[in-house]
Every structure is written in structure tokens, then in C-alpha cells.
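I opened this notebook to record what I looked up in the structure. The entries proceed from the overall dimensions to the strands.

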Amino acid sequence: QVQLVESGGGLVQFGGSLRLACAASGSILSIYAMGWYRQAPGKERELVAVITSGSSTRYADSVKGRFTISRDNAKKTVYLQMNSLKFEDTAVYYCNVDILVLFGQRRDYWGQGTQVTVSS
């Protein structure tokens, strides 16, 4: 079994900052790409940022220059530092991790989601 536990969401003022974290645990053999997605009310889930096992990163155009994704392989944790937050960043944020489990398959796992709300 694999668990992804997210933390760090909450209410923040326009222009403020938050850092999200997503920690993986369980019978994990290897972790590959780690990413963050978000889903705003009435909209489809979209990719925010992804970081590969080699630490290459890719960002949605809407967050480039404001968000930074990073990972700590020893802690099996991926982070999303969000700066200069805008109203349109309000959404539920989900982590997504590509994991190979012991004696099992390699597939994507999702976190439970954490709400980020940007207020005036």
C-alpha cells in the first residue's frame, strides 16, 4: 500500500505565499516523476508543475516565475512553493506521484487534495 499525505494548504491574501508538501509512504521501491495538479470549481484538473527523478522541471505557463517545485528523495516528499499568489490560483491542489511498489506495479498515485484559497 502507498499513501500520499498532503499538507500546507489554507487561506492566504493576494500576493502572499504558501508551501505545499506531499509525503509518500508505504511499500515503495522507486519514485519517478512527482507533480502537482489543481482543480478549481467548475474546471477540469490541470497540471501545475512536475519534477522528474532527474530533477528536471516543467510548469504551467500560468505559474511560471511564481511557483517552484522541488523534491527530497530521502524524505519521499515533493514540495510546491507558491509565491505572488493570485485569485485564479484558488483551487484544490493534488499531488501525483509515479511509484513502483515492492513486488508490484508501477503506476500513478494521487494525494487527497488540499484547498488553497486566495483572498483580498
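Entry 1, dimensions. I compared the radius of gyration of this predicted model with the globule rule: for 120 residues a compact globule would have a value near 14 Å, and the chain has 14 Å, so the two agree. I then took the box along the principal axes, which the C-alpha atoms fill at roughly 50 × 25 × 25 Å.

Entry 2, burial and surface. I noted that 42% of the 120 residues count as buried. The chain exposes about 6500 Å², of which carbon and sulfur atoms supply 48%.

Entry 3, charges. I found 13 positive and 9 negative side chains, with the centres of the two sets 4 Å apart.

Entry 4, elements and contacts. I listed 11 strands and 0 helices in the chain. Among contacts with a separation of 6 or more, 55% come from residues 24 or more positions apart.

Entry 5, strand β11. I examined residues 114-119, where the side chains alternate. Thr114, Val116 and Val118 point to one face and are buried. Gln115, Thr117 and Ser119 point to the other face and are not buried.

Entry 6, partners of β11. I traced two pairings. Strand β2, residues 10-13, pairs with β11 in the parallel sense over 4 bridges; within β11, serine 119 is the bridge partner of glutamine 13. Strand β9, residues 91-101, runs antiparallel to β11 and is joined to it by 3 bridges. Here I recorded valine 92 opposite glutamine 115 of β11.

Technical notes: Residues are numbered from 1 along each chain as its sequence is written. This is a predicted model: local features need pLDDT of at least 70, side-chain atom pairs count only at pLDDT 80 or more; totals for chains, interfaces and linings use all residues. Side-chain values use heavy atoms; hydrogens and water are left out. Helices (H or I, at least four residues) and strands (E, at least two) are DSSP runs, numbered from the N terminus. The radius of gyration is taken over C-alpha atoms; the globule rule is 2.2 Å times the number of residues to the power 0.38. Buried means under 20% relative accessible area, exposed over 50%, partly exposed in between (1.4 Å probe, protein chains only). Contact means heavy atoms within 4.5 Å. Accessible areas come from the Shrake-Rupley method with a 1.4 Å probe; for residues, only the protein chains shown count as cover. Lys and Arg count as positive and Asp and Glu as negative; His and the chain ends are not counted. The place of a charge is taken as NZ of Lys, CZ of Arg, CG of Asp or CD of Glu. Two strands pair if DSSP finds at least two bridges between them.
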